[in-house]
Amino acid sequence: MFAIPEQFSNATKVSLESQFALLSSLTSKTFEGMEKLVDLNINAARATLEDSSAVARQLLGAKDPQEFFSLTASQAQPAAEKALSYSRQLASIAAGTGAEFSKAAESQIVEANRKVISLVDEVSKNAPAGSESFVAAVKTAISNANAGYEQISKTTKQAVEAVEANLNAAVNQFSATARKATNAATAAAAA
């Protein structure tokens, strides 16, 4: 009978260690995601500065207003494509980090559930006669919680996929619109 408090003590220790491991893993994934985001922003800022300087030199070298407006119009599509590329890379970083979070959380939840079920099984061996229905109820509750978590996980994954699909559709539509606008501006400047 004295083994039960010790079992709960050990289970609590293991649970805290598991939570610390999860927190450490999520913190690590957060820093990795932030590092990727900082790199993306530094590279984007550097490229934007270089492109702006090149465009400014071209515009200052324009011989007449028509050439100036033609150069201005010709920059619309490359700028839009760069913005779309940045958006895609940003979405990729966010999706990747989110997937890593989900993977880390799922593995910890599976392990925690395994440990809880193991604890319940161990404690139920020492349980007094007549407590079988209580043990069965606890196991059912754990099973129901796991099923609920799995459903939430599936729903979340479906929502993320839907958001990514909508983002890609919006990016493609914006890209097509930017190309049309650039072509129209170039044609107007040439006329």
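**Entry 1: the largest pocket**

I began with the largest pocket, where helix α3 gives the most to the lining, with eleven residues. I keep in mind throughout that this is a predicted model. The volume of this largest pocket comes out at about 470 Å³. I counted 21 residues in its lining, and those that lie nearest its centre are A95, G98, A99, V160 and E164. When I asked which elements give two or more residues to this lining, I found α3 and α4, the latter covering 132-190. By residue type, I noted that the lining of the largest pocket divides into ten nonpolar, six polar and five charged residues.

**Entry 2: the second largest pocket**

I then turned to the second largest pocket, for which I have a volume of about 390 Å³. Its lining is made of 18 residues, and the closest to its centre are A44, A47, T48, D51 and K82. The elements that give two or more residues to this lining are α1 and α3, and I noted that α1 gives the most, with ten residues. Sorting the lining of the second largest pocket by type, I wrote down nine nonpolar, seven polar and two charged residues.

**Entry 3: K82 and D51**

K82 and D51 had just come up among the residues closest to the centre of the second largest pocket, and I looked at how their side chains are placed. I found that they meet in a salt bridge, with 2.3 Å from N to O. K82 belongs to helix α3 and D51 to helix α1, so this pair ties together parts that are 31 residues apart in sequence. Are these two residues buried or exposed? Neither word fits, as K82 is partly exposed with a relative accessible area of 45%, and D51 also counts as partly exposed, at 29% relative accessibility.

**Entry 4: E100 and K29**

How many salt bridges does the structure hold? I have two in my notes, and beside the K82 and D51 pair there is one in which the side chains of E100 and K29 meet at 3.3 Å, N to O. E100 lies in helix α3 (residues 76-125) and K29 in helix α1 (residues 3-60), so here the pair ties together parts that are 71 residues apart in sequence. I checked the accessibility of E100 as well, and at 28% it counts as partly exposed. As a reminder to myself, side chains of opposite charge can pair when their charged atoms come close.

**Entry 5: the length and buried side of α3**

Since α3 carries a partner in the E100 and K29 pair and in the K82 and D51 pair, I looked at the helix itself. With 50 residues at 1.5 Å a residue, α3 should span 74 Å, and its end C-alpha atoms are 73 Å apart, which agrees. I then listed the residues of α3 that are buried, and found Q77, A80, L84, I93, T97, A104, Q108, L119, V120 and V123. In an α-helix there are 3.6 residues a turn, so residues three or four places apart point the same way. S102 is also in helix α3, but I have this residue as partly exposed, with a relative accessible area of 34%. The C-alpha atoms of S102 and Q151 are separated by 14 Å, while the two residues are 49 residues apart along the chain.

**Entry 6: the aromatic pair**

I searched the whole structure for aromatic pairs and found one. F68 and F69 form this pair, which is edge-to-face, with 5.6 Å centre to centre and 85° between the planes. I placed F68 in helix α2, residues 65-74. F68 is partly exposed, with a relative accessible area of 32%, whereas F69 is exposed at 51%, a value that I read against the cut-off of over 50% for exposed. I also took a distance from F68 to K180, and from C-alpha to C-alpha the two are 20 Å apart in space and 112 residues apart in sequence.

**Entry 7: F174 in α4**

My last look was at F174, which is found in helix α4 and is partly exposed, with a relative accessible area of 44%. What separates the C-alpha atoms of F174 and S124? I have 61 Å for that separation, with the two residues 50 residues apart along the chain.

Note on methods: Residues are numbered from 1 along each chain as its sequence is written. This is a predicted model: local features need pLDDT of at least 70, side-chain atom pairs count only at pLDDT 80 or more; totals for chains, interfaces and linings use all residues. Side-chain values use heavy atoms; hydrogens and water are left out. A salt bridge is a side-chain nitrogen of Lys or Arg within 4 Å of a carboxyl oxygen of Asp or Glu. Helices (H or I, at least four residues) and strands (E, at least two) are DSSP runs, numbered from the N terminus. Buried means under 20% relative accessible area, exposed over 50%, partly exposed in between (1.4 Å probe, protein chains only). The expected span of a helix is 1.5 Å times one less than its number of residues. On a 1 Å grid over the protein atoms alone, a cavity is a set of points where a 1.4 Å probe fits but cannot get out, and a pocket is an open set with protein on both sides within 12 Å along at least five of seven lines; lining residues have an atom within 4 Å of a point. Grid points are joined across faces, edges and corners, and a volume is the space filled by probe spheres set on the points. Ala, Val, Leu, Ile, Met, Phe, Trp, Tyr, Cys and Pro count as nonpolar, Asp, Glu, Lys and Arg as charged, and the others, Gly among them, as polar. Rings of Phe, Tyr and Trp (its six-membered ring) pair if their centres lie within 6.5 Å; planes under 30 degrees apart count as stacked, over 60 as edge-to-face and the rest as tilted.
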